[in-house]
Amino acid sequence: MRKTMFWISVALAIGVFSIIFVLTEQTPVQTSVLSSAVNEAVVAHHDNGMGDGAEASSSAGPTASLGVISDLGTALLSYASVRKWAHTVEFLALGIPVSLAFVFWWGRPRGLLSRVPLAFLLCVFASLFDQTHKLFVPGREFDAGDLLFDLLGYSIAILACFACDKIARTIRGKQHSTLDAMAA
């Protein structure tokens, strides 16, 4: 089962990296059109009664939650453009299967703490490759600022995946020790 999950994670990581590669191949005009469309969708969603500035009542339920999410999206877009945040989303999507591949890895290194830096380094390499790849696309350029947004994405993914794995191992360990104590 571990080997199957490992290979599924590897296949997903390759698929996500392929999508990132294709997005990097876009011309500046294509990437601007795509980011403008996403930005307009976020603004339209915000202006569609979700973020009109009215106080949400506690009985509003899911609508109040969506208003908070919409306000968060607007706040994030005021900090950086959709194009910058897209890097965080892309590399979050890459960091998850990369991390899972290292979680399911059955060989050496065996320790969880030695696998975290390996997942991190692989994501750093992918991020640097993506930025270097832009140098060969007409009209695109290496942007060190994008590396920070990439870092945010795959760092969140790595921390979340390895933390969940640690919690699962702890729970399984407690269950096994309880079963051992009951058997004795």
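**Exercise 1. Decide whether Trp-7 is buried or exposed, and say where it sits.**

Trp-7 is exposed, with a relative accessible area of 52%; buried means under 20% relative accessible area, exposed over 50%, and partly exposed in between (1.4 Å probe, protein chains only). Next, place Trp-7 in helix α1, where helices (H or I, at least four residues) and strands (E, at least two) are DSSP runs, numbered from the N terminus. Finally, look across the fold: the C-alpha atoms of Trp-7 and Ala-101 are separated by 7.3 Å, although the two are 94 residues apart along the chain.

A word on the model before going on. It is predicted, so local features need pLDDT of at least 70 and side-chain atom pairs count only at pLDDT 80 or more, while totals for chains, interfaces and linings use all residues. Residues are numbered from 1 along each chain as its sequence is written, and side-chain values use heavy atoms, with hydrogens and water left out.

**Exercise 2. Describe the overall fold.**

Start by counting elements: there are six helices and zero strands. Then turn to burial: of the 184 residues, 30% count as buried. Last, take contacts (heavy atoms within 4.5 Å). Among those with a separation of 6 or more, 76% are between residues 24 or more positions apart.

**Exercise 3. Find the residues that touch the most other members of the largest nonpolar core.**

A nonpolar core is a set of buried Ala, Val, Leu, Ile, Met, Phe, Trp, Tyr and Cys residues joined through side-chain atoms within 4.5 Å. Here the largest one has 15 residues, and Phe-91, Leu-94, Val-98, Ala-119, Ile-158 and Phe-162 touch the most other members. Two or more residues each come from α1, α4 (82-104), α5 and α6 (144-183), and α4 gives the largest share, five residues. Now zoom in on Phe-162: leaving aside neighbours within four places in sequence, its contacts include Ser-99, Phe-102, Leu-112 and Ala-119.

**Exercise 4. Trace the salt bridges around Lys-84 and Asp-146.**

A salt bridge is a side-chain nitrogen of Lys or Arg within 4 Å of a carboxyl oxygen of Asp or Glu; the count comes to four.

1. Asp-143 pairs with Lys-84, the closest N and O atoms being 2.5 Å apart. Asp-143 lies in the loop between α5 and α6 and Lys-84 in helix α4, so this pair ties together parts 59 residues apart in sequence.
2. Asp-146 also forms a salt bridge with Lys-84 (2.8 Å, N to O). Asp-146 belongs to helix α6 and Lys-84 to helix α4, so parts 62 residues apart in sequence are tied together. Both Asp-146 and Lys-84 are buried.
3. Lys-134 meets Asp-146 in a salt bridge (2.8 Å, N to O). Lys-134 is in helix α5 and Asp-146 in helix α6, so the pair links parts 12 residues apart in sequence.
4. Through shared partners, Lys-84, Lys-134, Asp-143 and Asp-146 join into one network.

**Exercise 5. Explain why Cys-164 has no bond to Cys-161.**

Recall the cut-off: a disulfide is a pair of cysteine sulfur atoms within 2.5 Å. The closest cysteine sulfur to that of Cys-164 is in Cys-161, 6.8 Å away, which is too far for a bond. The structure as a whole holds zero disulfides. For Cys-123, the nearest cysteine sulfur, that of Cys-161, is 9.7 Å away. Burial completes the picture: Cys-123 is buried at 0% relative accessible area, whereas Cys-164 is exposed at 52%.
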